[in-house]
Amino acid sequence: MPLVVMCGYPASGKTTRSKQLSEYIQSHFPDKHVHVISDNLENKHDVYSNTQKEREIRGVLKSNVQRLLSKDNIVILDALNYIKGFRYELYCVAKSCRTTHCVIYCVTDAETSKAWNMLQDESNRYTDSLIDELIMRFECPSPSNRWDKPLFSLIRDSELNASEICQCLFEGRAEAPNQSTQSQPLSSTNFLYQLDKSTQDIVTSILSANKNLVPGDTIKFPGTREEFLFTRSFTLAELQRHRRQFIIYTKMHPVEDVNKLSNMFVQFLNKALNV
């Protein structure tokens, strides 16, 4: 079922619009299930002022979308989604699931967003410097971009045309997945087993090495040519998150030689964790 990507400045009304659309769908289409995924964080300043933490949050949001998106679910992603590259990734997720997709852009000017931000609880409020920075970094959606289409722009105090949005989502034609987004048939009967085992063994080894290594050391794994650069201690949660991302990608692009999986995973972790 469809994916709805909310987009806009901080404190631009995305959560309010998400709630309105969710309530409309539930009242007019009781047979459909609506899931609202939110980036509602208690430590917004810590997350959005740190590139690594923000990248991790986007990864969590994308993983949740992939987990919930199905023929029975409608997913509304209530987050900033201000980076066009991330919106493209979400578009590819919808395309690979053979479902429709749209972007709802909550249009506000900077002063309105700052005023609405001050109405939030202090714990849920952006700092002045952070909201200025996020507005400056905002990449406006455009109907000329295929990943931003169809685009519904909502200005302040305008009515949410939920019926038109639902018509687009439920009656529109989903784009057929191409080779880059479509899952390919697995090339080996033991592919999934080897993929799961080799990645889990590497995660376990890194966790064990946390206790004995210092930044700058490298870890060599049995049966691999690649070495993992140890730059800091890593948590189980972040390692498992990157492991899931690697598994999802590799299932879509399986390799003939399963012995290459360990090397590929180490390369992936070096790029993902040591940036």
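Here's a quick look at helix 10 and at some salt bridges in this predicted model.

Let's start with helix 10, which covers residues 261–273. With 13 residues at 1.5 Å a residue, the helix should span 18 Å, and its end C-alpha atoms do sit 18 Å apart, so the two values agree. Plenty of helix 10 is tucked away: L261, S262, N263, F265, V266, L269, N270, A272 and L273 are buried. Those buried residues pack against helix 3 (51–68), helix 8 (191–209), strand 7 (227–229) and helix 9 (236–252).

Now for the charged pairs. Side chains of opposite charge can pair when their charged atoms come close. Searching the whole structure turns up 11 salt bridges, including these:

| Salt bridge | Closest N to O distance |
|---|---|
| D148 with R87 | 2.9 Å |
| D132 with K114 | 2.6 Å |
| R232 with E238 | 3.0 Å |

D148 and R87 form a salt bridge. This pair ties together distant parts of the chain, 61 residues apart: D148 is in the loop between helix 6 (128–137) and strand 5 (151–155), while R87 belongs to helix 4 (residues 84–96). Both D148 and R87 are buried.

D132 and K114 also meet in a salt bridge. That pair links helix 6, home of D132, to helix 5 (residues 110–118), home of K114, across 18 residues. D132 counts as partly exposed because its relative accessibility is 37%, and K114, at 26%, is partly exposed as well.

The R232 and E238 salt bridge joins a partly exposed R232, at 29% relative accessible area, to a buried E238, at 6%. Finally, E54, R58, E133 and R137 are joined into one network by salt bridges that share partners.

How values were computed: Residues are numbered from 1 along each chain as its sequence is written. This is a predicted model: local features need pLDDT of at least 70, side-chain atom pairs count only at pLDDT 80 or more; totals for chains, interfaces and linings use all residues. Side-chain values use heavy atoms; hydrogens and water are left out. Helices (H or I, at least four residues) and strands (E, at least two) are DSSP runs, numbered from the N terminus. The expected span of a helix is 1.5 Å times one less than its number of residues. Buried means under 20% relative accessible area, exposed over 50%, partly exposed in between (1.4 Å probe, protein chains only). Contact means heavy atoms within 4.5 Å. A salt bridge is a side-chain nitrogen of Lys or Arg within 4 Å of a carboxyl oxygen of Asp or Glu.
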